[in-house]
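Here is a quick tour of a structure, with salt bridges up front and a few odd spots after that. Have a look at the model first.

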Amino acid sequence: QWVVEDCRPFSAVNGSGFEKLVQHFINLGAKYGENIDIKDLLPSQRTISRNIQKTAEETKNGIKNEIAEVVRGGGASATIDMWTDNYVKRNFLGVTLHYQSKSKFVDMVLGMKSMDFQRLKSLFNEFGVQDLGPIKFVTDRGSNILKALEQNTRLNCSSHLFSNVLEKSFEDTAELKELLKACAKLVKYFKKANLQHKLPTSLKSPCPTRWNS
């Protein structure tokens, strides 16, 4: 009933956060009984927004020391990439930090912000990192990235290189080009004819920049 009335995806019940929320309400019911108006318990959208921002700041402050220490010790690498929203023409920069903590490998998204590479350092500053020198950056070979990180240690992304090799190979091989065109037409036909649902696996349209996936 909840899925239908609120138009929620079936997968909404799979999240650990949803499980914690349900368990919290079960505990409240066990403690106070049935005489509870759920409207008195649910916060407003504004309250949720305010609390999320507060929690984010508290979490960031809690991990600053760990991140700064790992970076100073030279045990951190970072993957960064930029994409452009063609509708509003804004650049978004995504930064993920990778390091090992207590025998566990950590992948931590530091941010996805509307910014350019020149402001990359300011993002790390928010986590207590002032010197980017010890960080090994893994990126594609875009001219803007190369320029921004020319004073830093930078490694080429192997997946991106492999994708470029495949793209070039397909482009230079006539037989493969014709095969890919035929496959693209086949995918287009299946989508337009509404036949995808009859297949055990949905057909994918070709994406030149993501051949390795």
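Where do K60 and E57 both lie, and how many residues apart are they? Both sit in helix 3, three residues apart, which is about one turn of the helix. Keep in mind that this is a predicted model.

## The K60 network

K60 forms a salt bridge with E57, and the closest N and O atoms of that pair are 4.0 Å apart. The two ends differ in how much cover they get: with a relative accessible area of 16%, K60 falls under the 20% cut-off and so counts as buried. E57, at 42%, is partly exposed.

K60 has another partner too, since its side chain meets that of E126 in a salt bridge at 3.0 Å, N to O. Here the pair ties together parts that are 66 residues apart in sequence, because K60 lies in helix 3 while E126 lies in the loop between helix 4 (120-125) and strand 4 (136-139). E126 is partly exposed, with a relative accessible area of 27%.

## A pair in helix 6

Now for K168 and D172, whose side chains meet in a salt bridge of 3.6 Å, N to O. Both residues belong to helix 6 (residues 158-172) and are four residues apart, again about one turn of the helix. Is K168 buried or exposed? K168 counts as exposed at 52% relative accessibility, and D172 counts as exposed at 53%.

Back to shared partners: salt bridges join E57, K60, K113 and E126 into one network. The count of salt bridges comes to six. As general background, side chains of opposite charge can pair when their charged atoms come close.

## Positive phi outside glycine

Two residues are worth a look in your backbone plot. C7 is not a glycine, yet its phi is positive, at about 55°. C7 lies in the loop between helix 1 (2-5) and helix 2 (16-32). With 67% relative accessibility, C7 is over the 50% cut-off, so it counts as exposed.

S103 is the other one, with a positive phi near 65° in a residue other than glycine. Its place is the loop between strand 2 (90-101) and strand 3 (104-114). S103 is exposed as well, with a relative accessible area of 72%.

## A greasy patch

Which residues make the nonpolar surface patch of about 440 Å²? They are Y32, I36, I38, L41 and L42. One of them, I36, is found in the loop between helix 2 and helix 3 (45-72). I36 is partly exposed, at a relative accessible area of 30%.

## Cysteines

How many disulfides does the structure hold? The number is zero. For reference, a disulfide is a covalent bond between the sulfur atoms of two cysteines.

As for the cysteines themselves, C7 is exposed at 67% relative accessibility. C157 counts as partly exposed at 26%, and C183 is partly exposed too, with a relative accessible area of 37%.

## Domains

The domain assignment splits the protein chain into domain 1 (1-42), domain 2 (51-156) and domain 3 (158-212). How many Å separate the centres of domain 1 and domain 3? Taken over C-alpha atoms, the centres are 43 Å apart.

Technical notes:
Residues numbered from 1 in each chain as written. Predicted model: local features only at pLDDT ≥ 70, side-chain atom pairs only at ≥ 80, totals over all residues. Heavy atoms only, no water. Buried < 20%, exposed > 50% of the residue type's maximum accessible area, 1.4 Å probe, protein only. Patch = residues over 30% accessible without salt bridge, like charges linked within 9 Å, V, L, I, M, F, W, Y side chains within 5 Å. Areas by Shrake-Rupley, 256 points an atom, 1.4 Å probe, with all protein chains shown as cover. Disulfide = S-S within 2.5 Å. Domains from an automatic or database assignment.
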